[in-house]
Each structure stands twice: as C-alpha cells, then as structure tokens.
Amino acid sequence: MDTPAEDVLAGVGPRLRALRRARNATLAALATETGLTASTLSRLENGKLRPTLEQLLPLARAHGVPLDDLVAAPPTGDPRVHLRPVRRSGLVLVPLTRRPGGIQAYKVIYPPAGQVSTTKRQTHEGYGWFYVLDGHVRFVLAEEEYLLGAGEAVEFDARVPHWIGSAESRPAEVLVLVGPQGEHPHVTPVGR
C-alpha cells in the first residue's frame with residue numbers, strides 16, 4: 001500500500017511533463033535552464049526517479065510555479081485563488097488552471113503596440129482559443145490579419161503560424177485557452 005508521501009510523489013512526473021510541454025520546452029532546453037541532465041528530467045517525468053528537493057526547486061523556478069504546485073500540496077483551507085503572474089517575452093501571463101495536462105487557461109496582458117520586441121509568428125502543437133477582455137488585439141494567422149475588440153473570440157489550430165499583440169498604445173487583456181493536439185475548447189450556448 002502506498003503511503004501519502006508516495007502518492008504525492010507519484011503525481012510529480014506527469015505534472016512536470018505537462019508544465020514542460022505547456023512551455024513548448026525540450027528536455028535539452030530545460031536541462032540547460034535547470035542544471036539537471038536531460039536523462040534525469042526524462043526519468044523524473046516518467047516516474048522512474050523519485051524527485052528530491054534539490055531537483056524540484058530549480059524545476060519550480062524554471063516553470064514559474066510554486067513548489068506546492070509541483071507536489072500537489074494539500075489545500076490550506078483558504079478558498080481564494082492566489083494568482084501568480086509570470087513575465088515571459090514581454091507578456092504578463094496569469095495561469096488560471098492549476099491542474100497539469102488538458103486545456104490550460106491564462107489571462108495574458110499584451111504590452112502596448114510599439115513596445116513589442118518581436119512580431120515573429122510561432123507554431124506549436126495543440127489548439128488555441130482566445131477571448132479579448134479589454135483593448136484591441138492584432139491577430140495574425142498564416143497570411144491573414146485580424147483586428148479584434150473586447151468581446152470577440154478566436155479559435156485556431158496552433159500549428160498554423162500565428163502572432164497576437166495589442167493593436168493600440170495601451171495594453172490588451174486576453175483570456176487564452178490552449179489545448180493539446182486534438183483537444184478543442186467547447187463553447188455551449190446557454191438558454192437554448
């Protein structure tokens with residue numbers, strides 16, 4: 001019979017894999033970032049190696065999550081959601097989901113137009129969906145460009161080259177859902 005500690009540690013591998021994949025990071029890139037070997041990272045993700053604190057601390061820093069999230073620490077009893085914004089590539093990302101894998105939700109704040117360091121289009125596995133909360137967003141998908149305002153939503157295959165940014169001299173706020181390949185966010189109309 002597994003002890004509670006073994007149960008907690010058994011879930012670390014899948015959480016580590018999901019965090020790495022959500023960042024589109026390779027094992028080699030994460031190894032460089034953390035100082036751990038790619039082999040060690042692979043064994044941790046596959047549950048073949050029991051994680052130590054010395055391994056989990058740099059992984060938590062690299063993924064921008066609290067250590068408690070890696071080990072699925074029991075809730076403190078406080079029902080409030082404590083959002084921890086992360087700055088990446090000039091964006092402010094606020095993770096809204098706490099479980100690894102599946103569809104992930106983020107609030108993303110795009111800096112004002114003109115303050116963006118790159119408009120390079122990206123691709124990655126999965127499916128994307130976003131909803132403009134505030135401001136105006138410039139969305140480039142393949143060779144098409146769209147201007148979206150508050151209340152508008154987009155759904156797209158993330159393997160198609162794309163770029164999202166504020167279209168104004170002020171930040172734009174967007175709710176983003178990203179799902180693994182084949183998993184689409186489903187929107188169901190209410191009141192029908």
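**Exercise 1.** In this predicted model, determine how Asn-24 is classed by its relative accessibility, and then describe where Asn-24 sits and what sign its phi has.

*Solution.* Begin with the accessibility: Asn-24 has a relative accessibility of 47%. The class of partly exposed lies between the limits of 20% and 50%, and Asn-24 therefore counts as partly exposed. Next, locate the residue in the chain, where Asn-24 belongs to the loop that links helix 2 (12-22) and helix 3 (27-34). Finally, consider the backbone: the phi of Asn-24 is near 55°, a positive value in a residue other than glycine. Most residues other than glycine have a negative phi.

**Exercise 2.** Carry out the analysis for Ala-142, asking which loop holds this residue, what its phi is and how it is classed by accessible area.

*Solution.* The loop in question runs between strand 5 (136-141) and strand 6 (144-149), and Ala-142 is found there. The phi of Ala-142 is near 60°, again a positive value in a residue other than glycine. With a relative accessible area of 31%, Ala-142 is partly exposed.

**Exercise 3.** Describe how helix 3 and helix 5 are arranged, working from their axes to the residues that make the contact.

*Solution.* Start from the geometry: the two axes come within 9 Å and cross at roughly 110°. Angles of 65 to 115 degrees count as roughly perpendicular, and helix 3 and helix 5 are therefore roughly perpendicular to each other. The handedness follows as a separate step, and helix 3 passes helix 5 in a right-handed crossing. On the side of helix 3 the contact is made by Leu-30, Glu-33 and Thr-34, while helix 5 contributes Pro-58, Leu-59, Ala-62 and His-63.

**Exercise 4.** Establish whether His-63 is buried or exposed, and list its surroundings, including any polar contact of its side chain.

*Solution.* First place the residue: His-63 lies in helix 5, which spans residues 53-63. Its relative accessible area is 5%, and since buried means under 20%, His-63 is buried. Leaving aside neighbours within four places in sequence, the residues in contact with His-63 are Leu-16, Leu-19, Arg-20, Arg-23, Leu-30 and Arg-88. With one of these, Arg-23, the side chain of His-63 makes a polar contact, side chain to side chain, at 3.1 Å.

**Exercise 5.** State what share of the protein chain is buried, and what area the chain exposes.

*Solution.* Of the 192 residues in the protein chain, buried residues make up 35%. The chain exposes about 11600 Å², of which carbon and sulfur atoms supply 54%.

Technical notes. Residues are numbered from 1 along each chain as its sequence is written. This is a predicted model: local features need pLDDT of at least 70, side-chain atom pairs count only at pLDDT 80 or more; totals for chains, interfaces and linings use all residues. Side-chain values use heavy atoms; hydrogens and water are left out. Helices (H or I, at least four residues) and strands (E, at least two) are DSSP runs, numbered from the N terminus. Buried means under 20% relative accessible area, exposed over 50%, partly exposed in between (1.4 Å probe, protein chains only). A polar contact is a pair of N or O atoms within 3.5 Å; within protein, one must be able to donate a hydrogen and the other to accept it, and residues adjacent in sequence count only if both atoms are side-chain atoms. Contact means heavy atoms within 4.5 Å. Accessible areas come from the Shrake-Rupley method with a 1.4 Å probe; for residues, only the protein chains shown count as cover. Axes are lines fitted to C-alpha atoms, for helices over the stretch in contact, and angles run from 0 to 180 degrees between N-to-C directions. Angles under 35 degrees count as roughly parallel, over 145 as roughly antiparallel, 65 to 115 as roughly perpendicular and the rest as oblique. A crossing is left-handed if the near helix is turned anticlockwise from the far one by less than a right angle, and right-handed if clockwise.
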